[in-house]
Amino acid sequence: MTSTDPYLTSRLQGFGTTIFTEMSALARRHDAVNLGQGFPDFDPPSALVQAAEAAMAAGHNQYAPGRGVPSLRQAIADHDRRNYALDFDPDTEVIVTTGATEAMFASVQALVEAGDEVVVFEPVYDVYPAAIAMVGATVVGVPLRPVEEAGARVWRFDPDDLEAAVTERTRAILLNSPHNPTGTVFSTGGLQAIADVATRHDLLVVTDEVYEHLVYDDERHTPIATLPGMRERTVRISSAGKTFSVTGWKVGWACAPAPVAAAIEAAKQWITFTSGTPFQHAIAEALSWGESYTAPLAAEYQARRDVLIDGLDDVGLGRTSSTSTYFVTADVRTLGFADDVDFCQRLPAEVGVAAIPCSVFHASPEDGRGWVRFAFCKSESLLAEGLERLRTGLPRMARSAP
């Protein structure tokens, strides 16, 4: 949430503690079911743990090369070629990072100057504005709005809003698809609109694609780098955390044209230089599993999503469809709650559940007022417990809504 710490630089005033830290602390304090922060409450595949243990036993416990261990860089390149027909040179166009967050920070540090503008789509994951602020650049938001499409309510942007957001100071567009917090996969038409603007104005596009394998309902994720003219101006960021349920391992990567990748590495070397050597070796092995692993994974998460959606319907929360990620967004105004932040701050104590308010993902909180994010990356028993608490506790809480 916001901060006025007198020791904090002006660039970071207003960021303060993340909403995820605040809501998770409330969840612990009130022994609430945490349907807020997006981390699984179950173990990763045993074969992956065994691969990490084998790497440690084999002596892979010291610094990895700054670009990442060669086997992982090769596995990332093979993954992108196999899944998207994207051809990245593992030696010059792949950088392994400490999670996707470092890849994002290093990309912004390397490619954006103080005084530049960076276009983002709101609601926007809170890491992005912080990364942009740290280089003295300015965030320019383009709103995603819930719209009816094929009988479902999904989040889309107006291409005219994107065009209007670009000025002579714009350096890059930052894209997150599959999108957190809305659970939306950007449509082919939307991606093409972004590509057209980027090409016309000679902009870089930095993409966060960490949920690339968590896509449901026959939806398909398309990296914008696959569109004509975009391979040479795109930084494609992903990670192992979401795909393999190892968010604590912090193994991410960035793929980009060689000169751009070299710039990212130049920034990254002063942040962590390298990390997680045995985990890198394990993820190199896991990336070879392919669809035999990712298809059942997506099916399992789709089933969990359906449980959450049905439960939210039962308690009367309006929601949008979710065709990707860990998340479903619900409109708490349908139950008489006008303020999503107040709702989420009260929920752990009064109902015993934690969620994330979406208005904090907007430069102007009013743009996201009323929307709340719930996570379904939880065990069946925990989801059932959380939904039962909502079913019994929300009516009581609603009666006391301001």
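Helices H4 and H8 pack against each other in this predicted model. H4 covers residues 99-111 and H8 covers residues 258-268. Two packed helices are described by the angle between their axes and the distance between the axes. Here the angle is about 105 degrees, and the axes are 8 Å apart. That angle makes H4 roughly perpendicular to H8. On the H4 side, the contact is made by Glu102, Ala106, Ser107, Gln109, Ala110 and Leu111. H8 contributes Val260, Ala263, Ile264, Ala267 and Lys268. By character, the residues of this contact divide into seven nonpolar, two polar and two charged.

H4 also appears in the surroundings of another helix, H5. H5 runs over residues 127-134. Seven of its eight residues are buried, so H5 is largely enclosed by the rest of the structure. The buried ones are Val127, Tyr128, Pro129, Ala130, Ala131, Ile132 and Ala133. What covers them? The cover includes H4 and four strands: S3 (117-122), S4 (138-143), S7 (170-176) and S8. After H5 comes Gly136, whose phi is positive, near 80 degrees.

Next, the nonpolar interior. The largest nonpolar core has 125 residues. Those with the most contacts inside this core are Phe121, Ile173, Ile283, Leu347, Phe374, Leu390 and Leu394. Take Ile283 as an example. Leaving aside neighbours within four places in sequence, Ile283 is in contact with Leu48, Leu72, Ala240, Phe244, Val246, Trp249, Val251 and Trp253.

Ala254 is another residue to look at. Ala254 is found in strand S10, residues 252-255. Its relative accessibility is 2%, so Ala254 counts as buried. Beyond its neighbours within four places in sequence, Ala254 is in contact with Glu93, Val94, Ile95, Ala103, Val235, Arg236 and Ile237. Tyr7 lies 247 residues away from Ala254 along the chain. The C-alpha atoms of Ala254 and Tyr7 are separated by 33 Å.

Now the charged pairs. How many salt bridges does the structure hold? There are 25 salt bridges. One of them joins Asp161 and Arg145, with the closest N and O atoms 3.0 Å apart. Asp161 lies in helix H6 (residues 159-165) and Arg145 in strand S5 (residues 145-149), so the pair ties together parts that are 16 residues apart in sequence. Asp161 has 25% relative accessibility and therefore counts as partly exposed. Arg145, at 42%, also counts as partly exposed.

A second pair is Asp202 and Arg233, whose closest N and O atoms are 3.2 Å apart. Asp202 lies in the loop between helix H7 (188-201) and strand S8 (204-208). Arg233 lies in the loop between S8 and strand S9 (234-239). The salt bridge therefore ties together parts that are 31 residues apart in sequence. Is each partner buried or exposed? Asp202 is exposed, with a relative accessible area of 57%. Arg233 is buried, with a relative accessible area of 14%.

Asp339 and Arg369 form a third pair, and their side chains meet at 3.6 Å, N to O. This salt bridge links distant parts of the chain, 30 residues apart. Asp339 sits in the loop between strand S12 (327-331) and helix H11 (340-350). Arg369 sits in the loop between strand S14 (356-357) and strand S15 (371-375). Asp339 is partly exposed, with a relative accessible area of 31%. Arg369 is buried, with a relative accessible area of 18%. Salt bridges can also share partners: in this way Asp80, Glu209, Glu212 and Arg236 are joined into one network. Arg236 was met above, as a contact of Ala254.

Last comes Arg156, in strand S6 (residues 152-156). Its relative accessibility is 18%, so Arg156 counts as buried. Which residues does Arg156 touch? Not counting residues up to four places away in sequence, they are Pro143, Leu144, Arg145, Val147, Glu149, Thr184, Val185, Phe186 and Ser187. Arg145 in this list is the salt-bridge partner of Asp161. Pro143 is 13 residues from Arg156 in sequence, and their C-alpha atoms are 8.2 Å apart in space.

Terms used
Residues numbered from 1 in each chain as written. Predicted model: local features only at pLDDT ≥ 70, side-chain atom pairs only at ≥ 80, totals over all residues. Heavy atoms only, no water. Core = buried A, V, L, I, M, F, W, Y, C linked by side-chain atoms within 4.5 Å. Buried < 20%, exposed > 50% of the residue type's maximum accessible area, 1.4 Å probe, protein only. Contact = heavy atoms within 4.5 Å. Axes fitted to C-alpha atoms, helices over the stretch in contact; angles between N-to-C directions. Helix = DSSP H or I, 4+ residues; strand = E, 2+ residues; numbered from the N terminus. Parallel < 35°, antiparallel > 145°, perpendicular 65-115°, else oblique. Nonpolar A, V, L, I, M, F, W, Y, C, P; charged D, E, K, R; others polar. Salt bridge = Lys/Arg side-chain N within 4 Å of Asp/Glu carboxyl O.
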